[in-house]
Amino acid sequence: MSRALIVDDELSMRMTLSEFVRRDGIECDVAQNAFQALSMFQENSYDLLITDIVMPKMSGIELMEKIREIDSECKIIILTGEPTVETAIRAVQSQANDYMAKPVQKDDFLHIVRRNIQIKQLSDERKWLLLENERYQRHLEDMVDQRTQALQKSMSSTITLLSQVIEYRDPYTAGHQRRVGNCSAKIAEWLGLSKDSIENVRIMGYIHDIGKIVVPSEILSKPGKLTYPESLLLQSHSLAGFKMLSDVNIPPIIAEAIYQHHERIDGSGYPRKLKGDQISLQAHILMVADVVEAMTSHRPYRPSLGLDVALAEIEGNAGVLYDHTVSKACLELFRIGNYTFDDRQYEISMPI
Ligand SMILES: [Fe+2]
């Protein structure tokens with residue numbers, strides 16, 4: 001129900017007008033002066049203020065100015081027995097919504113009251129709708145955030161699982177993927193790539209050998225040199241990894257870089273003998289990190305070759321087998337940044 005406050009120093013006026021308003025279905029309070037009105041306004045909320053202008057101590061205009069500081073939405077109708085142009089101007093300046101001269105005619109008065117109450121109801125309704133809309137938008141954004149986080153969590157678990165599965169089958173390379181992933185992320189960071197690109201490269205490293213799941217364990221752990229057919233089977237892991245990852249919901253750029261991680265820029269790599277720019281930046285990073293990590297690790301068929309030999313391999317073949325810029329970043333990371341391999345499994349934040 002709408003609520004009005006009538007302020008007039010004349011008792012008969014207060015009684016008559018408040019009765020008109022109440023009979024019209026509007027809750028109505030009365031105040032005999034501006035001070036009383038002001039304190040009632042501070043304690044209650046009103047949709048409509050109807051005030052006399054000429055009152056002792058504080059005029060209706062002063063009251064209106066004070067009330068506007070408390071409530072800018074309330075509709076205000078002013079009444080006066082002495083209408084002058086100056087009073088009217090000041091009333092408008094103080095943001096009165098309507099102006100009525102005394103003596104008041106019941107029908108005219110109620111017409112103005114109803115019009116102002118209706119405008120106030122419409123503006124309240126609009127405000128409520130805007131708030132509801134804002135609340136709904138916030139709810140939607142929260143829901144999208146929650147779903148995105150859940151999706152990222154599930155993808156992160158899938159990547160961790162995939163990364164672990166292959167290490168169970170190929171214990172000699174335990175930690176290899178994590179070290180390659182973390183090193184690739186550091187090279188990407190050294191190159192100044194975006195946060196999303198760095199995370200993508202880390203994920204690529206963590207699962208780059210996932211295709212080895214199709215390679216028999218005897219070949220993966222064979223201590224001696226592989227025969228030609230065995231090498232072909234081992235090499236099939238790039239394509240196998242690509243196919244597996246293409247079927248799951250991870251960014252295609254990851255699957256493609258895994259497909260390319262054994263290519264070389266002179267076309268001497270496998271499986272597609274891609275050259276130079278045909279190889280993605282992510283794959284260039286991955287292959288350099290993969291080579292350095294593999295050469296510095298022990299294998300069933302040889303001991304570690306050491307970091308210096310691994311870095312010399314990259315330096316000697318920068319621009320021949322490996323991308324020149326990526327090789328330079330890798331060498332600087334180890335030589336200037338004193339990077340050491342890190343086999344921790346970091347929380348993955350999958351760019352979606
Ligand atoms: Fe590989």
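1. A quick definition to start: donors here are N, O and S atoms within 2.8 Å of the metal, and water is not among the atoms, so sites may look incomplete. Please also keep in mind that this is a predicted model.

2. With that in hand, the iron ion is coordinated by Asp209 through OD and by His237, His261 and His262 through NE2, at 2.2 to 2.4 Å. Along the sequence, these donor residues follow the spacing D-x27-H-x23-H-H. Asp209 and His261 link distant parts of the chain, 52 residues apart: Asp209 sits in the loop between α7 (195–207) and α8 (217–220), and His261 in the loop between α11 (252–260) and α12 (281–296).

3. Why is the arrangement of the four donor atoms irregular? They subtend angles of 83 to 172° around the iron ion, whereas four donors count as tetrahedral only if all angles lie between 85 and 135 degrees.

4. On burial, Asp209 has a relative accessible area of 4%, so this residue is buried. His261 is buried as well, at 0% relative accessibility.

5. Turning to the interior, the largest nonpolar core has 44 residues, and Ile187, Ile207 and Val288 touch the most other members. At least two residues of this core come from each of α6 (176–190), α7, α11, α12, α13 (307–316) and α14 (324–335). The biggest contribution is from α12, which gives nine residues.

6. Finally, the surface: Tyr136, Leu140 and Met143 make a nonpolar patch of about 270 Å². Met143 belongs to helix α5 (residues 106–169) and counts as partly exposed, because its relative accessibility is 32%.

Key:
Residues are numbered from 1 along each chain as its sequence is written. This is a predicted model: local features need pLDDT of at least 70, side-chain atom pairs count only at pLDDT 80 or more; totals for chains, interfaces and linings use all residues. Side-chain values use heavy atoms; hydrogens and water are left out. Donors are N, O and S atoms within 2.8 Å of the metal (3.2 Å for Na, K and Ca); water is not among the atoms, so sites may look incomplete. Four donors count as tetrahedral if all angles lie between 85 and 135 degrees; four count as square planar and six as octahedral if opposite donors are over 155 degrees apart and all others between 65 and 115; anything else is irregular. Helices (H or I, at least four residues) and strands (E, at least two) are DSSP runs, numbered from the N terminus. Buried means under 20% relative accessible area, exposed over 50%, partly exposed in between (1.4 Å probe, protein chains only). Patches are made of residues with over 30% relative accessible area and no salt bridge: like charges are joined within 9 Å, nonpolar side chains (Val, Leu, Ile, Met, Phe, Trp, Tyr) within 5 Å. Accessible areas come from the Shrake-Rupley method with a 1.4 Å probe; for residues, only the protein chains shown count as cover. A salt bridge is a side-chain nitrogen of Lys or Arg within 4 Å of a carboxyl oxygen of Asp or Glu. A nonpolar core is a set of buried Ala, Val, Leu, Ile, Met, Phe, Trp, Tyr and Cys residues joined through side-chain atoms within 4.5 Å.
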